[in-house]
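Dear colleague,

I am handing over the structure we spoke about, and I would be glad if you could look through it alongside the notes below. Please keep in mind that the model is predicted.

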Amino acid sequence: MKNKIFKISIAASLFIGTGLMNVACNTENLEDVKNLGAFDTNNFFRNEQECFFALVGTYDPLRKYAGGFENMVTFFNAGSDDFYAGGGSSTDGAGIQGLSNYQLNPNTMPVSYWRDYYQGISRANVLIEKIPAANMSDSIKRRFTAESKTLRALYYFELVRMFGNIPLILKEIKANDDYYNIPQAPKAAVYSQIESDLLAAIPDLPMTVTGDQKGRLTQGAAKALLGKVYLFDNKKAEAAAQLADVNGTPGGTSQYGYKLVNDFASLWVTDNKFTSESIIEVMHTNKGNSDWSFWGQGTDEGNSICIMISPRGYSKKTADAPDVVAGWAFNPITSDLYNFMLGDPRLNATILDVKTLKQQGKADYSPAYMDNGYFLNKYIPTKDEVTTLPGAAELNYRQNYIYLRLADSYLMEAEALNGTGSRAQALLDAVRARVGLASVPVSLQAVKDERRRELAGEGHRWFDLVRWGEAPAKLGSRGFVAGKNEIVPIPYTELTGTILKQNPGY
């Protein structure tokens, strides 16, 4: 029985999961792998409504960034030089601890990072295939297809930068297909497909969206994502061109309506959703009534970063102390980041200094694993944000996660310009001027430093260090090994019974 469970793992990742069904691998009496493909796609995708339902299901894996215990942000924060894993102890979450101390192996690597994105890709593949025959207008067909291709590109982007060489699958996988013998594609081929999908999608996406359309992808979102992909693919000229189109005049309003908000701290106000700075924003809500029985399984809708990064045992002692909800103390901030941000106007919006609050008698807390007394303030929940709806309060925080925002896009363009020239200077100046900082001479190092301060805790730092080739120097004391830890191991369950090859060093 055990071998059957292992063998259906890749099938569970690749079979359709359109939001109408979820495939689980923990059923004790599961005897026939073919049953996983029992959903007949020929009886769905017949009209606009059915295709829209499937499209919503294709958006669902975006919640991987902030949803569930195995969310992208806290996981990759923990591997960077800005955070530790934290939590209750050194054994609290084998995956997040393993990335933080670079002891991660194929058995402790959480399978969900592979499986969730491949399910999103599967949903996109099926939808792209079925849309042409659906009964709906050609314009809606083009938009749905463009959204599906953009989502497929994003999910492949996350997989390729996490795992390196991965299977490249662009069609529906059915029950009678040989899904055990799908080869890995070179990174270059995956990047080529990502870029092709985005270039094809951009013309058919709307320039902007309003009202209940907010959260859906636009031309600006796909262009910004393409610019980011080009940057990771070391195509700097192409990256700069795409990002310049998104950014417009630094400090002004771009053709897509993007503009830096005036108050940096307002970006982290829970109900301040879809600001002018937001390019790709993932929605979270307490209305899904998320509960422990299905937390992290793709149907929960709360932001899990909030409870995870809040200090343990927190209590306010004076009226002027923040009214923070006690949490689980993951991602404690390193002294290195705290010292790096001293004197920066973004410090207080980024870091909650509970150590000082305790010393002043304003609050108390219970120091947890690798505690420094510094916590990520951008996502810390306050008591007014605790849900009164059904479900576990810890799992139903409604703060959205902004995957890509304009300041990030400015700094990526400045980096793509190699930190030189008047355009790069203007982009850097705009980010600094928003928080009242004077201009500094632009350079690649100045851009990197600005990214660290501006985007701290948003899940980007680890990938930045790897992209710049600086991870061995910055993370060597943690155990980072060059030539190995730039990517993570493929989970063991995804290898068993397949032709997939494990990443070097694991």
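The notes that follow concern one strand, a glutamate within it, and a helix that packs against it.

Strand β3 covers residues 278-282, and since 5 of its 5 residues are buried, it is largely enclosed by the rest of the structure. Its pairing with strand β8, which spans residues 401-405, is antiparallel and runs over 4 bridges, with valine 282 standing opposite tyrosine 401 of β8.

Within β3 lies glutamate 281, which is buried and yet forms no salt bridge, the nearest side chain of opposite charge being that of lysine 273, 6.6 Å away. What polar partners does the side chain of glutamate 281 have? One of its polar atoms lies 3.1 Å from the backbone nitrogen of phenylalanine 274, and a polar contact of 2.7 Å joins it to the side chain of serine 278. Leaving aside residues up to four places away in sequence, glutamate 281 also touches several others, among them Gly215, Thr275, Asn400, Tyr401 and Tyr403.

Helix α9, residues 236-247, has 12 residues and reaches 16 Å from its first C-alpha to its last, close to the 16 Å expected at 1.5 Å a residue. Its buried residues, which include Ala239, Leu243 and Val246, pack against β3 as well as against α7, α8, α14 and α15. The helix is followed by glycine 248, whose phi is positive, near 65°.

With best wishes

Methods:
Residues are numbered from 1 along each chain as its sequence is written. This is a predicted model: local features need pLDDT of at least 70, side-chain atom pairs count only at pLDDT 80 or more; totals for chains, interfaces and linings use all residues. Side-chain values use heavy atoms; hydrogens and water are left out. Helices (H or I, at least four residues) and strands (E, at least two) are DSSP runs, numbered from the N terminus. Buried means under 20% relative accessible area, exposed over 50%, partly exposed in between (1.4 Å probe, protein chains only). Lys and Arg count as positive and Asp and Glu as negative; His and the chain ends are not counted. A salt bridge is a side-chain nitrogen of Lys or Arg within 4 Å of a carboxyl oxygen of Asp or Glu. A polar contact is a pair of N or O atoms within 3.5 Å; within protein, one must be able to donate a hydrogen and the other to accept it, and residues adjacent in sequence count only if both atoms are side-chain atoms. Contact means heavy atoms within 4.5 Å. The expected span of a helix is 1.5 Å times one less than its number of residues. Two strands pair if DSSP finds at least two bridges between them.
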